[in-house]
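Me: Please take a close look at one part of this model for me: the aromatic side chains and what surrounds them. I'd enjoy one connected account.

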Amino acid sequence: MEYVQERVTTLHDFTDPVPDAPVEDAAVVVPLTEREHASLAAERVFTALEDVAPGRVVVALRADADRVADVNAWLGSFDVAHETLWCDGPRLADRLADAGLEGKRGKGRDVWLALGAASDAPYVAVHDADARTYSRGHVPRLLFPLAHGFDFSKGFYARVENRRLYGRLFRLFYEPVVATLIETHDEPILDYLGSFRYALAGEFAATSDVIRSLRVQRGWGLEVGTLGDAFHAAGFERSAQVDLGIHEHDHRAVGGPAGLSTMSEEVGAALFRAVEEGGVDPDYGALPDRYREVAERFLRGYAADSAFNGLEYDRAGEREQVAAYADAIAPPGGDDRLPAWNEAPVSTAEVREAARDDLEAAREGAT
């Protein structure tokens, strides 16, 4: 156990705390897919939220029309003040298209919609629904810093399961890329991005002012893009990270359309856009080779840490992942981020009304 402070204030789990926090003044955003609903992990999450009793839970639901009624009924079985925001309904799609916001759908877009609906609360917390180790202490821990002078709070945790280290995209791509950039650049954005112990965690909380200033990535770059905006909105002085213990999540294959290699492309684009906006001018030609060299240092460390703890470690397999992730090192390309809600061409009220109408139509169609 350690108690070291980082450039970003770090709150540690020494006593398994469930701190006093403004949960009644908070909205909790939970992105959920039809595949996740009724799973043991999601059941655990919403059962714990019954104990937490936040002011409101906004579920960003991604589901086909013929599944919406069942998922909504399942959500209604929990004693939680919740709002189901169906992100795939036709009325909502038309409303977004009218505002010029049509485009790629993904987790980030779903969360963006829910953040708008939740931003009328003083505080907003966001977390996924697939953590099999979810605790009722997670939301209070995330919210605690916001009542103590901070505007942004990020969760971190260990990813150790089945006697292996996980969190591969963070360990093998994000961390070495940031470390490589720090070698040749001294812009503060890099120190900020490098200060978070699990930058790709989906758990964070912020004041409504910060929430409404975020320009959200549409897909898997959500977490990195959020940190990039948090640097400008909260900075070192008003950011904190909070220990959420050990998490067990679903795992992804490296290859395939939803695999880690594809995710690395979106994470990389979000990362490089954030550092460019922070004044960094990466040498994209030289960066991949240097990244591979720096990643070898990380692999040595992970191998030693695994051996120290009696864990299994596939160094050759992790090296192969590094080689695959190197292909994601490239200029970020076109910017398709969604606008900050402070400047959005559609109001949160319009989004919620369209989503409610879609949900009601889906429920009537199922009866």
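**Aromatic rings and their surroundings**

Reply: Happily! Let's begin with F78, which is buried at a relative accessible area of 7%; buried means under 20%, exposed over 50% and partly exposed in between, with a 1.4 Å probe and protein chains only. Please keep in mind that this is a predicted model, where local features need pLDDT of at least 70, side-chain atom pairs count only at pLDDT 80 or more, and totals for chains, interfaces and linings use all residues. Residues are numbered from 1 along each chain as its sequence is written, and side-chain values use heavy atoms, leaving out hydrogens and water.

F46 is buried too, with a relative accessible area of 2%. The structure holds 17 aromatic pairs, meaning rings of Phe, Tyr or Trp (its six-membered ring) whose centres lie within 6.5 Å; planes under 30 degrees apart count as stacked, over 60 as edge-to-face and the rest as tilted. One of them is F46 with F78: the ring centres are 5.7 Å apart and the planes stand at 35 degrees, so this pair is tilted. It links distant parts of the chain, 32 residues apart, with F46 in helix α1 (residues 40-52) and F78 in the loop between α2 (65-76) and β4. Helices here are DSSP runs of H or I with at least four residues, strands are runs of E with at least two, and both are numbered from the N terminus.

Another pair, F231 with F236, is edge-to-face, at 6.5 Å centre to centre and 90 degrees between the planes. Both partners are buried, F231 at 17% and F236 at 14%. They belong to one aromatic cluster with F152, Y192, F196 and F204. The charged end of R7 sits over the ring of F236, 3.9 Å from its centre; this label requires NZ of Lys or CZ of Arg within 6 Å of the ring centre and within 35 degrees of the ring normal. R171 does likewise with Y302, its charged end 4.6 Å from that ring's centre.

What is the setting of F231? This phenylalanine is among the buried residues of α9, as are E223 and L227. With 10 of its 12 residues buried, α9 is largely enclosed by the rest of the structure. The helix (residues 222-233) reaches 16 Å from its first C-alpha to its last, close to the 16 Å expected at 1.5 Å a residue, where the expected span is 1.5 Å times one less than the number of residues. After α9 comes G235, whose phi is positive, near 65 degrees.

Two α9 residues, E223 and L227, also touch A199, as do K154, F170 and Y174, not counting residues up to four places away in sequence; contact means heavy atoms within 4.5 Å. A199 lies in the loop between α7 (188-195) and β9 (204-207) and, at 0% relative accessibility, counts as buried. Another aromatic residue, F156, is 43 residues from A199 in sequence, yet their C-alpha atoms are 7.6 Å apart in space.

Finally, the wider frame. Eight strands form an open sheet of mixed pairing, in the order β1-β10-β6-β9-β5-β2-β3-β4; two strands pair if DSSP finds at least two bridges between them. β1 (9-11) and β4 (82-86) are the edge strands with a single partner each, so one side of each is left without a neighbour in the sheet.
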